[in-house]
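Colleague: I would like to go through this protein one piece at a time. Please give the reasoning before each answer.

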Amino acid sequence: INQYGISKYTFKMVSKKYCLDNNIKYSWVVPIFAYGPKDIETRLIPKIINAFLNQKDLVLNKCSAIVDYLYIDDFCKGVLQIIENEIDGDFIISSDNEYQVRSIVERINNIMMPKSNLIFDENIPEHGFKYICGTSKKLKYKSNWKPEVTLEEGLIRTINYFKSKF
């Protein structure tokens with residue numbers, strides 16, 4: 001529905017055709033909100049952690065979107081399963097859990113117990129998709145992969161990483 005989506009779809013179709021024409025196994029991986037240490041600092045989780053570490057008040061919209069967060073190590077292990085087992089096809093790699101963004105923000109707040117304020121402002125408009133979740137059912141069926149890191153543990157690891165850089 002936008003240039004970014006059209007570009008991704010076009011690349012997918014061109015690469016798939018190339019692989020089919022040249023007898024190369026083809027896999028297309030779709031990560032659903034991978035997070036963790038070394039994440040881009042403008043993304044939501046690092047942005048929240050850094051605001052709290054810098055004791056800055058954080059004002060967000062109501063954060064009502066429903067998303068699926070997967071710890072980066074679990075995502076990488078999923079990709080490794082695809083490579084090692086030479087599985088071809090399209091794969092969504094996700095935790096298969098649904099979280100309201102607000103609950104993620106509140107969990108980070110509860111873990112870090114910052115001195116700054118966390119404010120959800122109902123008047124700030126929400127943009128983007130309201131539901132971004134997936135299922136790893138196909139990958140689980142074709143391999144022995146499953147997520148191992150809980151959301152809580154992944155958040156703690158991510159927080160500790162950013163604290164170590166602070």
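Modeller: The questions below concern a predicted model, and they take up a helix, a lysine, a sheet and the cysteines.

Colleague: How far does helix α4 reach from its first C-alpha to its last?

Modeller: Helix α4 covers residues 101-112, which is 12 residues. At 1.5 Å a residue, the expected reach is 16 Å. The reach in the model is close to that, at 17 Å.

Colleague: Why are the buried residues of α4 on the same side of the helix?

Modeller: The buried residues in α4 are Val 101, Ile 104, Val 105, Ile 108, Asn 109 and Met 112. They lie on the same side of α4 because the arc they cover around the axis is only 140°.

Colleague: Which elements are included in what covers the buried residues of α4?

Modeller: The buried residues in question include Val 101 and Met 112. Their cover includes two helices and four strands, named here with their residues. They are α2 (44-53), β3 (58-60), β4 (66-67), β7 (99-100), β8 (118-120) and α6 (151-165).

Colleague: Is Lys 142 buried, partly exposed or exposed?

Modeller: Lys 142 is found in helix α5, residues 137-142. Buried means under 20% relative accessible area and exposed means over 50%. Lys 142 has a relative accessibility of 41%, so Lys 142 counts as partly exposed.

Colleague: Which residues is Lys 142 in contact with, leaving aside its neighbours within four places in sequence?

Modeller: Contact here means heavy atoms within 4.5 Å. With the sequence neighbours within four places left aside, the contacts of Lys 142 are Ile 87, Asp 88 and Phe 91.

Colleague: Which strands are the edge strands of the open sheet with the order β7-β4-β9?

Modeller: This open sheet has 3 strands, and its pairing is mixed. β4 and β9 pair in the parallel sense over 2 bridges. An edge strand here pairs on one side only, and the two that do so are β7 and β9.

Colleague: Which residue in β9 is the bridge partner of Val 67?

Modeller: Strand β4 spans residues 66-67, and β9 spans 131-132. The bridge partner of Val 67 in β9 is Ile 132.

Colleague: How many disulfides does a search of the whole structure find?

Modeller: A disulfide needs a pair of cysteine sulfur atoms within 2.5 Å. For Cys 63, the nearest cysteine sulfur is that of Cys 133, 15 Å away, and Cys 63 is in no disulfide. Over the whole structure, the number of disulfides found is 0.

Conventions:
Residues are numbered from 1 along each chain as its sequence is written. This is a predicted model: local features need pLDDT of at least 70, side-chain atom pairs count only at pLDDT 80 or more; totals for chains, interfaces and linings use all residues. Side-chain values use heavy atoms; hydrogens and water are left out. The expected span of a helix is 1.5 Å times one less than its number of residues. Buried means under 20% relative accessible area, exposed over 50%, partly exposed in between (1.4 Å probe, protein chains only). The arc is that of the directions from the helix axis to the C-beta atoms. Two strands pair if DSSP finds at least two bridges between them.
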